[in-house]
Amino acid sequence: MVSAIVPVYNVKQYLPACIESVLKQTYSDWELLLVDDGSTDQTESILQKYKTFSNVEIIRQKNAGVASARNKALKNICGQY
C-alpha cells in the first residue's frame, strides 16, 4: 500500500483538483491522508465531500504548521511507502 499525505491549510481553490487527481490514479492499493491544519476558509466543507471514500482519511488539528500536520498523518498511515 502507498500512503499519500497532503497537509491542507486554506487552499479551497486548489483542494478539489488535488484530491481528484489522486482519486483518478490507476494504482489501486493506496490511501490518502488529508490533514486540515486549522483552515479558516471553506476547506473543511470541501473535505467533507470526500469522507465517504474508504481510502481517504480526513484528520483535523489546530493550526500547528505543515511539519506538525505531516507528523500527525505519519502516526495514522497504513502503507509501507
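A residue is called buried when its relative accessible area is under 20%, exposed when the value is over 50%, and partly exposed in between (1.4 Å probe, protein chains only). By that yardstick, 33% of the 81 residues of this protein count as buried. The model is predicted, so local features need pLDDT of at least 70 and side-chain atom pairs count only at pLDDT 80 or more, while totals for chains, interfaces and linings use all residues. Residues are numbered from 1 along each chain as its sequence is written, and side-chain values use heavy atoms, with hydrogens and water left out.

Let us start with the overall layout. Helices (H or I, at least four residues) and strands (E, at least two) are DSSP runs, numbered from the N terminus. The protein has three helices and three strands, and following the sequence you meet them in the pattern β-α-β-α-β-α. Its radius of gyration, 12 Å, is close to the 12 Å that the globule rule gives for 81 residues, so the protein is as compact as a globular protein of that length. Here the radius is taken over C-alpha atoms, and the rule is 2.2 Å times the number of residues to the power 0.38. Along the principal axes, the C-alpha atoms fill a box of roughly 35 × 25 × 20 Å.

Contact means heavy atoms within 4.5 Å. Of the contacts between residues at least 6 apart in sequence, 75% join residues at least 24 apart.

Now to the strands. Val35 is part of strand S2, which covers residues 30-37, and it is buried because its relative accessibility is 0%. Setting aside residues up to four places away in sequence, Val35 touches Val6, Pro7, Val8, Ile59, Gln61, Ala69 and Ala73. Asn71 is 36 residues from Val35 in sequence, and their C-alpha atoms are 9.8 Å apart.

One of those partners, Gln61, belongs to strand S3 (residues 56-61). Gln61 is also buried, because its relative accessible area is 13%. What does the side chain of Gln61 make polar contacts with? A polar contact is a pair of N or O atoms within 3.5 Å; within protein, one must be able to donate a hydrogen and the other to accept it, and residues adjacent in sequence count only if both atoms are side-chain atoms. The side chain of Gln61 makes such a contact with that of Ser68 at 3.4 Å, and another, of 2.7 Å, with the side chain of Asp37. Beyond four places in sequence, Gln61 touches Val35, Asp36, Asp37, Gly38, Ser68, Ala69 and Lys72.

The loops come next. Asn10 sits between strand S1 (2-8) and helix H1 (15-23), and it has a positive phi of about 50° although it is not a glycine. With 25% relative accessibility, Asn10 counts as partly exposed. Val11 is found in the loop between S1 and H1 and is partly exposed, at 24%. Outside its neighbours within four places in sequence, Val11 is in contact with Asp41 and Thr43. Lys49, in the loop between helix H2 (43-48) and S3, is exposed because its relative accessible area is 59%.

Finally, look at the surface and the charges. The protein exposes about 5,100 Å², with carbon and sulfur atoms supplying 53% of it; these areas come from the Shrake-Rupley method with a 1.4 Å probe, and for residues only the protein chains shown count as cover.
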